[in-house]
Amino acid sequence: EQARADAELSNLRYQTNPHFLLNTLNNIYALTAFDARRAQEAIQQLSGMLRHVLYDNLEREVSIDSEMAFLQNYVQLMKIRLPESVGITFDTTIENTEAKIAPLILIPLVENAFKHGVSMTRPSFIHITLHTDDRSIDFLIENSNYQKADNDRSGHGIGLEQLQRRLELSYPDHHTWQYGLKNGGTVYSSHITITLNP
């Protein structure tokens, strides 16, 4: 039973990998047309992210610092093509630098925020907060929510289902995850709390 759970968890982790790579490469490609120096910096950032995916992703847990750096690099690369009307914040309070977390478990929520919470023509936002102390890891992401067109079939919740399963396998009985619409449907919120050393 444990071997089957480990195999399933490994499979779920590897399904996460290609998505962020495609997104970041598209943004770097656009950047080469008008800012070669920034494009070079972005490639260096992407290189660090790939190291995290290729090597750290093999571990059951990684340091919260390395996971935070991965998320921050992803956010910076995704901001390349966004207009100034998109407000993005990433606030961190790392009181427990020894905390560890399952690798790449939070990136699906960040990807979803950029995919579904950003408008190129209307004011929109993504607010991310990551906090750790001796008791828990607390991750909150909120973004603007715009009604999708009837013919938009993107995002059927598969990524969220995979994330739910990863949480169940990695943190059985010591995590909470609350997500959904708020403020009359204008904001999407996702809040994960992982209890350390339960």
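Me: Two strands count as paired if DSSP finds at least two bridges between them. This model is predicted. What order do the strands of the sheet take?
Reply: The order is 2-4-5-7-6. The sheet is open, has 5 strands, and its pairing is mixed.

Me: What makes strand 2 and strand 6 edge strands?
Reply: Each pairs on one side only. Strand 2 covers residues 86-94. From one strand to the next, the twist averages 5°.

Me: How do you know that strand 6 and strand 7 pair?
Reply: Count the bridges. Pairing needs at least two, and these strands have 8. Therefore they count as paired. Their sense is antiparallel. Within this pair, Thr176 stands opposite Thr193 of strand 7.

Me: What packs on the sheet, and which strands are touched?
Reply: Helix 3 does, touching strand 2, strand 4 and strand 5. The direction of helix 3 makes about 170° with that of strand 2. Helix 4 (residues 107-116) lies across strand 2, strand 4, strand 5, strand 6 and strand 7. Helix 4 runs at about 10° to strand 5.

Me: How do you know that strand 4 and strand 5 pair?
Reply: The cut-off is at least two bridges. Strand 4 (residues 124-132) and strand 5 have 7, so the pair qualifies. The two strands are antiparallel. They form a hairpin, with 3 residues between them. Across this pair, His131 stands opposite Asp138 in strand 5.

Me: How many bridges join strand 5 to strand 7?
Reply: There are 9, and the two strands run antiparallel. One bridge partner in strand 7 is Ile192, which faces Phe139.

Me: Why is strand 5 called mostly covered?
Reply: Of its 9 residues, 7 are buried. One residue of strand 5 is Glu142. Buried means under 20% relative accessible area. Glu142 has 18%, so Glu142 counts as buried.

Me: What makes the link between Lys182 and Glu142 a salt bridge?
Reply: Side chains of opposite charge can pair when their charged atoms come close. The cut-off is N to O within 4 Å. For Lys182 and Glu142 the value is 2.9 Å, so the pair passes. This pair links distant parts of the chain. Lys182 is in strand 6 and Glu142 in strand 5, 40 residues apart.

Me: Why is Lys182 called partly exposed?
Reply: Its relative accessible area is 34%. Partly exposed lies between 20% and 50%, so Lys182 fits.

Me: How do you know that Glu41 forms a salt bridge with Arg38?
Reply: Their closest N and O atoms are 3.9 Å apart. That is within 4 Å, so the pair counts. Both residues lie in helix 2 (residues 36-54), 3 residues apart, about one turn of the helix.

Me: Is each of these two residues buried or partly exposed, and why?
Reply: Arg38 has 19% relative accessibility, under the 20% cut-off, so Arg38 counts as buried. Glu41 has 32%, between the cut-offs of 20% and 50%, so Glu41 counts as partly exposed.

Me: What makes Glu168 and Arg165 a salt bridge, and where do they sit?
Reply: Their N to O value is 3.2 Å, within the 4 Å cut-off, so they form a salt bridge. They are 3 residues apart in helix 5 (residues 158-170), about one helical turn. Glu168 has 35% relative accessibility and counts as partly exposed. Arg165 is partly exposed too, at 31%.

Me: Which residues do salt bridges with shared partners join into one network?
Reply: Arg37, Arg38 and Glu41. Across the whole structure, 5 salt bridges are found.

Me: How do you know that the span of helix 3 is close to the expected one?
Reply: Helix 3 (residues 64-78) has 15 residues, and 21 Å is expected at 1.5 Å a residue. From first C-alpha to last, helix 3 reaches 21 Å. Its buried residues include Phe70, Leu71 and Tyr74.

Me: Why is Leu50 called partly exposed?
Reply: Its relative accessible area is 29%, between 20% and 50%, so the label fits. Leu50 is in helix 2. The C-alpha atoms of Leu50 and Phe70 are 9.2 Å apart.

Me: How many helices and strands does the chain have?
Reply: There are 5 helices and 7 strands. Of the 198 residues, 41% count as buried.

Definitions and conventions: Residues numbered from 1 in each chain as written. Predicted model: local features only at pLDDT ≥ 70, side-chain atom pairs only at ≥ 80, totals over all residues. Heavy atoms only, no water. Helix = DSSP H or I, 4+ residues; strand = E, 2+ residues; numbered from the N terminus. Expected span 1.5 Å × (residues − 1). Buried < 20%, exposed > 50% of the residue type's maximum accessible area, 1.4 Å probe, protein only. Salt bridge = Lys/Arg side-chain N within 4 Å of Asp/Glu carboxyl O. Axes fitted to C-alpha atoms, helices over the stretch in contact; angles between N-to-C directions. Contact = heavy atoms within 4.5 Å.
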